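Please examine the sequence and the structure shown below before turning to the questions.

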Amino acid sequence: MIQRKYYKTVRVIVDSDGGGTPLYIENVDSKTGYFSLYKQGSPTYTPNLNYRIDNGEWFEYDVTNLPRIEVPIGSKIYLKGGNDVGFNQSELDYYKLNFHSSKTSSDDCKCNIGGYITSLLALENFNLITHIPDYSFKSLFSVSRLLLSVENLITSNITSVGNNSFKYCFNSCTSLVTAPMFDNITNVGNYGFNYCFEGCTSLVTAPTFSNVTKIGAMSFSNCFNNCISLVTAPTFENLTYSSTQTFQNCFTGCKSLITTPNFRKIITVSSSSSFDNCFKNCTSLKNIIAPRPSSWTTTYFNNWVQGVPAGGTFYKKSGLSIPTGTGGIPEGWTVIEEA
């Protein structure tokens with residue numbers, strides 16, 4: 001049971017970390033950092049947010065005034081809140097987490113992120129949350145240019161993602177090298193990971209989506225657009241179909257990418273634009289593992305391999321007729337027929 005104490009006008013919340021390690025931001029810079037919420041637009045709701053520094057007491061964050069909370073060098077600020085319908089709830093009006101190098105400037109401070117991201121949705125038992133409500137983490141860490149690592153961010157409890165839930169979440173985090181894992185997610189709603197890692201120019205390793213079987217429209221469009229350092233693609237080894245614009249522009253400009261995701265199990269490509277510009281200007285690409293629909297419709301793959309190298313290996317379903325060109329098999333590539 002949560003007990004509340006009052007000191008002057010500041011509410012202190014004393015409770016256990018039932019559910020594991022809450023979401024935290026760790027100051028790994030050589031100077032003091034300052035955490036704050038940033039309000040975009042005019043949200044009609046006020047999320048609940050509580051914080052503590054290291055092992056100190058829990059305080060209620062003043063979402064009305066959005067103060068900057070000091071985080072000493074080497075310390076962590078832990079965050080959690082009771083927001084069961086989502087931390088964010090709108091496309092244009094939302095909150096994001098900022099970590100600055102002073103009380104007044106907009107300069108970023110070097111940081112790492114870890115703990116259960118779902119602690120923003122519940123004060124306790126957040127490790128048992130499996131579904132992410134619509135918009136919850138939209139733009140949550142976007143443009144955090146000195147976010148270095150999310151290696152310890154815990155998402156293993158998540159099995160389904162609502163509409164727009166991770167849209168723009170890590171967009172333009174230009175120092176981020178490794179993405180968090182999403183191993184246990186099976187369902188992704190419309191725009192679920194739309195633009196999620198776009199512009200993460202230092203990102204080398206993508207997350208895994210090994211168990212995703214159901215997706216909505218534009219769920220991964222622009223997801224890794226312009227991730228120029230990305231070498232390892234995410235896995236989609238259990239995905240069986242692609243809907244409207246699912247992978248449109250997904251890897252455009254990923255000039256270090258060598259091998260595409262394994263799309264062998266995709267047997268249904270349901271509408272136009274599904275793979276438009278998907279691997280456009282992937283100038284290091286050497287292996288393409290193509291979807292396997294019953295027939296290949298070029299308009300579903302507009303310019304999907306435009307600008308790839310002149311030679312490579314294209315893996316396709318045996319007997320499936322695919323034209324040569326930017327909407328099919330790249331010119332000069334070796335074709336491997338597979339059962």
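The questions and answers that follow concern a predicted model.

Q: How many helices and how many strands does the protein chain have?
A: The model is a predicted one. Its protein chain holds no helix, and the number of strands is 20. The counts are therefore zero helices and 20 strands.

Q: What is the radius of gyration of the protein chain, and what does the globule rule give for 339 residues?
A: For 339 residues the globule rule gives 20 Å, and the value for the protein chain is close to this, so the chain is as compact as a globular protein of that length. Its C-alpha trace spans about 75 × 35 × 30 Å along the principal axes. The radius of gyration is 22 Å, against 20 Å from the rule.

Q: What percentage of the 339 residues in the protein chain is buried?
A: A residue counts as buried when its relative accessible area is under 20%. The protein chain exposes about 13,400 Å², of which carbon and sulfur atoms supply 47%. The buried residues make up 53% of the 339.

Q: What percentage of the contacts between residues at least 6 apart in sequence join residues at least 24 apart?
A: One pair of residues at least 24 apart is leucine 239 and lysine 265, which are separated by 26 residues in sequence. Leucine 239 is in contact with Lys265. Among contacts in the protein chain between residues at least 6 apart, the share joining residues at least 24 apart is 80%.

Q: How far apart do the centres of the positive and negative side chains lie?
A: The protein chain carries 25 positive and 24 negative side chains. The distance between the centres of the two sets is 2 Å.

Q: Which strands stand at the edges of the open sheet of four strands?
A: The order of the sheet is 11-13-14-15, and its pairing is parallel. A strand at either edge has a single partner strand, so one of its sides is left without a neighbour in the sheet. The edge strands are strand 11 (131–132) and strand 15 (214–215).

Q: Which residue of strand 15 is the bridge partner of valine 188?
A: Strand 14 (residues 187–188) runs parallel to strand 15, and two bridges join them. In strand 15, the partner of valine 188 is isoleucine 215.

Q: How many residues of strand 9 (residues 94–100) are buried?
A: One side of strand 9 presents Tyr94, Lys96, Asn98 and His100, all buried. On the other side, Tyr95, Leu97 and Phe99 are buried as well, and both faces are thus covered. The number of buried residues is seven of seven.

Q: Which residue stands opposite leucine 97 in strand 9?
A: Strand 4 (residues 33–40) runs antiparallel to strand 9, and seven bridges join the two. The residue opposite leucine 97 is leucine 37.

Q: Is leucine 239 buried or exposed?
A: Leucine 239 lies in the loop between strand 15 and strand 16 (241–242). Leaving aside neighbours within four places in sequence, its contacts are Val212, Thr213, Ile215, Phe247, Lys265 and Ile266. Its C-alpha is 6.1 Å from that of lysine 265. With 0% relative accessibility, leucine 239 is buried.

Q: Which residues does threonine 155 contact, leaving aside its neighbours within four places in sequence?
A: Threonine 155 is placed in the loop between strand 12 (147–154) and strand 13 (160–161). Its relative accessible area is 4%, so it counts as buried. Its contacts are Ile117, Met181 and Phe182.

Q: Is asparagine 249 buried or exposed?
A: Asparagine 249 is found in the loop between strand 16 and strand 17 (268–269). Its phi is positive, about 60°, although the residue is not a glycine. At a relative accessible area of 17%, asparagine 249 is buried.

Q: What is the relative accessible area of asparagine 226?
A: Asparagine 226 is in the loop between strand 15 and strand 16. Its phi is near 65°, a positive value in a residue other than glycine. Asparagine 226 is partly exposed, and its relative accessible area is 35%.

Q: What distance separates the C-alpha atoms of asparagine 262 and tyrosine 315?
A: Asparagine 262 lies in the loop between strand 16 and strand 17 and is partly exposed at 27% relative accessibility. Not counting residues up to four places away in sequence, asparagine 262 touches Phe236, Glu237 and Ile289. Asparagine 262 and tyrosine 315 are 53 residues apart along the chain, and their C-alpha atoms are separated by 9.8 Å.

Conventions
Residues numbered from 1 in each chain as written. Predicted model: local features only at pLDDT ≥ 70, side-chain atom pairs only at ≥ 80, totals over all residues. Heavy atoms only, no water. Pairing = 2+ DSSP bridges. Rg over C-alpha atoms; globule rule 2.2 N^0.38 Å. Buried < 20%, exposed > 50% of the residue type's maximum accessible area, 1.4 Å probe, protein only. Contact = heavy atoms within 4.5 Å. Areas by Shrake-Rupley, 256 points an atom, 1.4 Å probe, with all protein chains shown as cover. Lys, Arg positive; Asp, Glu negative; His and termini not counted. Charge placed at Lys NZ, Arg CZ, Asp CG, Glu CD.
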